[in-house]
Amino acid sequence: MKITVRVWRQANATAKGRMVSYEVPDVSEDMSFLEMLDVLNDRLTTQGEDPIAFDHDCREGICGSCGVVIDGKAHGPQQTTTCQLHMRSFSDGDVIDIEPWRAEAFPVLKDLIVDRSAFDRIIQAGGFISAPTGAAPDAHAAPIRKEDADDAFDAATCIGCGACVAACPNGSAMLFTSAKITHLGLLPQGQPERRSRVLSMVGQHDAEGFGNCTNIGECTAVCPKGIPLETISRLNRDLLGALVRGGDE
Ligand code: SF4
Ligand code: FES
């Protein structure tokens, strides 16, 4: 395939950005989207031009670092990570727009790379258990309802990619925050700090400049791990309980 990409180029955090067009001939449908960018970057480097900066690490849908907006959609046309998107999702002659996440709390650092450290600070605010839990217990040593174990596991699959924020018209990170809160809130180990956790993490979410959730649902529609909107309902129930009863007993 021969395609054209229009890529957001921005030299640094304070520079003015713009879309720049590049032709990419010889794209195989078996290439991942990031491999297509690698091919383009090889050519740019050979020509002495600055390669396009984009974030990536695992390239197998685990680390959450690779997200970009493709043709206006977070992670592109498939509900997967950008690294797991393949060029077979596109056609010969396509013109593809590639932009960084657009959200006040995710400032652009360079080209397609944004600063997602706000997510780290939300986790630091309460996404952990401070009680000494000893060594890893044997599986099934703590009795947990199957439904709770399954839901906690599903919530724990959030990879912190930020697509939910990029897709949300409010720039809200509630799906991410609720996944982290639900993961711990459904397990016995997460109970002692359950109320202070939700107060602290939601407080940090707001302090970082993320918007509020108005149940639009764009977040879950682009989430590569399928975190459901119901997870935000769990957060709201926990938050209401903590606001009424106060912090931990
Ligand atoms: S909730 Fe989904 S879209 Fe949001 S950060 Fe987690 S994995 Fe990414
Ligand atoms: S590079 Fe790790 S999820 Fe895409």
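**View 1. Helix 4 and helix 5 each give at least two residues to the shell around ligand 1.** The model is predicted. Helix 4 covers residues 163-167. Helix 5 supplies the largest share of the shell, three residues. There are 14 residues around ligand 1, and those that come nearest are Cys158, Cys161, Ala163, Cys164 and Cys223. By class, the shell holds 11 nonpolar residues, two polar and one charged.

**View 2. Helix 3 meets helix 5 in a left-handed crossing.** Helix 3 runs over residues 146-156, and helix 5 over residues 174-185. Their axes come within 8 Å. The crossing angle is roughly 145 degrees. From helix 3, the contact involves Asp151, Ala152, Ala155 and Ala156. Facing them from helix 5 are Ala179, Thr182 and His183. Of the residues in this contact between helix 3 and helix 5, four are nonpolar, two are polar and one is charged.

**View 3. Five strands form an open sheet with mixed pairing.** Read across the sheet, the strand order is 2-1-5-3-4. Strand 2 (18-24) and strand 4 (73-74) are the edge strands. Each of these two pairs on one side only.

**View 4. Strand 1 and strand 5 pair in the parallel sense.** Strand 1 spans residues 3-9, and strand 5 spans residues 95-99. Four bridges link the pair. Which residue of strand 5 does Thr4 stand opposite? Val95 is the partner across from Thr4. In the sheet order 2-1-5-3-4, strand 1 sits between strands 2 and 5.

Note on methods
Residues are numbered from 1 along each chain as its sequence is written. Chains are lettered from A and ligands numbered from 1 in the order in which they are written. This is a predicted model: local features need pLDDT of at least 70, side-chain atom pairs count only at pLDDT 80 or more; totals for chains, interfaces and linings use all residues. Axes are lines fitted to C-alpha atoms, for helices over the stretch in contact, and angles run from 0 to 180 degrees between N-to-C directions. A crossing is left-handed if the near helix is turned anticlockwise from the far one by less than a right angle, and right-handed if clockwise. Two residues are in contact if their C-beta atoms, placed from the backbone, lie within 7 Å. Ala, Val, Leu, Ile, Met, Phe, Trp, Tyr, Cys and Pro count as nonpolar, Asp, Glu, Lys and Arg as charged, and the others, Gly among them, as polar. Two strands pair if DSSP finds at least two bridges between them. A residue is near a molecule or strand if its C-beta atom, placed from the backbone, lies within 6 Å of it.
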